[in-house]
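Reader: I would like to go through the contacts of this model one by one. Please keep the answers short and end each on what I asked for.

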Amino acid sequence: MKILMTGITGFIGQHLGERLINDGHEVFAIVRPTSKIAELSENLRRNVKCYAYDNNNSVLNIINKICVSTQTGGGGRTPFVVYHLAANSLNAHKFEDIQALIQSNITFGTEILEAMVANNIYNFVNVGSYFQHFDNAEYSPVNLYAATKESFSAIVKYYVEVRNLKCIELQLVNTYGADDKRGKIFGLLKKISETGEKLKMSPGKQFFDIVYIDDVIEAFILAGKYLSESKYEHCGTYGVSSTNPISLREVVKIFENVAGKNFSIEWGGRPYQNREIMNPWNSYKLLPGWQPKIPLHEGIKKFLEQN
């Protein structure tokens with residue numbers, strides 16, 4: 001199967017790209033001119049054909065080229081599934097961030113959709129966020145990033161209803177796993193387990209939903225499989241969740257038990273964030289056939305061994 005990806009240099013994108021290549025798929029990627037392709041694994045650098053887009057090489061031109069390059073004989077063959085993972089994610093924005101947020105999270109994706117239908121490509125896996133569901137609302141954005149994700153989902157709906165697009169959207173909670181360099185909570189806990197320094201944290205009563213990367217990738221693979229097999233009855237929006245959120249304090253206790261160390265944490269050393277999610281979104285549906293398999297303590301063990 002032929003796959004077109006965005007966001008391949010991100011944490012989830014790299015893991016998904018590796019899995020797709022190892023499963024024998026032909027993978028293409030659209031990247032920014034500034035993307036750090038040299039930092040990808042040798043497997044990805046060798047086997048993924050990357051195309052950089054800019055003012056001189058539009059998304060439409062790139063997808064046209066990919067489709068021409070995959071044509072054989074009298075019948076054209078095009079990438080069968082598009083995975084759209086690229087995003088500009090900011091917890092808090094400044095005025096000067098607005099243009100980049102709109103470009104990355106709305107304009108870029110819309111250009112991909114338009115180029116897809118122009119080339120008769122209709123299978124699309126999109127990524128959303130539980131940040132779109134503050135206080136468990138059907139839609140209430142935690143921040144401007146979440147608002148742009150919801151805005152793009154609305155644009156996808158137009159292409160679904162009018163342009164024959166088939167879409168499965170996976171809305172992700174927190175994720176973690178091997179080679180995670182994003183500076184998330186588990187990276188901070190691993191650091192203080194090694195240095196012994198004190199970490200200031202919120203009071204820690206918020207509930208935390210986090211899924212190990214292997215389970216996340218299984219959801220993406222299954223979504224692509226459904227689309228490639230024309231099982232369009234599964235199109236829709238799904239949560240990728242542990243299904244068992246626990247308090248941040250309990251998460252830290254489990255991490256301490258797995259690491260075999262007690263951490264120096266100042267609970268309440270910093271306030272909760274504006275619009276802190278105290279109880280994660282739980283009104284989601286799970287993608288049929290998908291369930292998280294890796295329990296938190298096992299995932300943390302893998303995380304410590306692999307980072």
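Author: Buried means under 20% relative accessible area, exposed means over 50%, and partly exposed is in between (1.4 Å probe, protein chains only). This is a predicted model: local features need pLDDT of at least 70, side-chain atom pairs count only at pLDDT 80 or more, and totals for chains, interfaces and linings use all residues. Residues are numbered from 1 along each chain as its sequence is written, and side-chain values use heavy atoms, with hydrogens and water left out.

Reader: Is R19 buried, partly exposed or exposed?
Author: The relative accessibility of R19 is 25%. Partly exposed covers the range between under 20% and over 50%. R19 therefore counts as partly exposed.

Reader: Which residue meets R19 in a salt bridge, at what N to O distance?
Author: A salt bridge is a side-chain nitrogen of Lys or Arg within 4 Å of a carboxyl oxygen of Asp or Glu. Side chains of opposite charge can pair when their charged atoms come close. The partner of R19 has a relative accessible area of 41% and is partly exposed. That partner is D23, and the N to O distance is 2.8 Å.

Reader: Which residue is linked with R19 and D23 in a network of salt bridges?
Author: R19 and D23 meet in a salt bridge. Their network has one further member. That residue is E218.

Reader: How many salt bridges does a search of the whole structure find?
Author: The pair of R163 and E114 is a salt bridge, with the closest N and O atoms 3.5 Å apart. The pair of E26 and K2 is another salt bridge. For the whole structure, the search finds eleven.

Reader: How many residues apart in sequence are the parts that E26 and K2 tie together?
Author: Helices (H or I, at least four residues) and strands (E, at least two) are DSSP runs, numbered from the N terminus. The closest N and O atoms of E26 and K2 are 2.2 Å apart. E26 lies in strand 2 (residues 26-31) and K2 in strand 1 (residues 2-6), so the parts tied together are apart in sequence by 24 residues.

Reader: Is K2 buried or exposed?
Author: Its partner E26 counts as partly exposed, at 36% relative accessibility. K2 has 9% relative accessibility. The cut-off is under 20%, so K2 counts as buried.

Reader: Which helices hold R163 and E114?
Author: R163 is partly exposed, with a relative accessible area of 27%. E114 also counts as partly exposed, at 35%. The pair links distant parts of the chain, 49 residues apart. R163 is in helix 5 (residues 144-163) and E114 is in helix 4.

Reader: How many aromatic pairs does the count come to?
Author: Rings of Phe, Tyr and Trp (its six-membered ring) pair if their centres lie within 6.5 Å; planes under 30 degrees apart count as stacked, over 60 as edge-to-face and the rest as tilted. By this rule, the count of aromatic pairs comes to 13.

Reader: What is the angle between the planes of F186 and F303?
Author: The two rings are 5.9 Å centre to centre. F186 lies in helix 6 (residues 185-195) and F303 in helix 9 (residues 296-306), so the pair ties together parts that are 117 residues apart in sequence. F186 is buried at 2% relative accessibility, and F303 is buried at 2%. The pair is edge-to-face, with an angle between the planes of 65°.

Reader: How far apart are the ring centres of F255 and F303?
Author: The planes of F255 and F303 are at 65°, so the pair is edge-to-face. F255 lies in helix 8 (residues 248-259) and F303 in helix 9, so the pair ties together parts that are 48 residues apart in sequence. F255 is buried, with a relative accessible area of 0%. The ring centres of F255 and F303 are apart by 6.4 Å.

Reader: Which residues form one aromatic cluster with F186, F255 and F303?
Author: F186 pairs with F303. F255 also pairs with F303. The other members of the cluster are Y176, Y212 and F263.

Reader: Which side chain makes a polar contact with the side chain of N126?
Author: N126 lies in strand 5 (residues 123-129). N126 is buried, with a relative accessible area of 1%. A polar contact is a pair of N or O atoms within 3.5 Å; within protein, one must be able to donate a hydrogen and the other to accept it, and residues adjacent in sequence count only if both atoms are side-chain atoms. At 2.9 Å, the partner side chain is that of E169.
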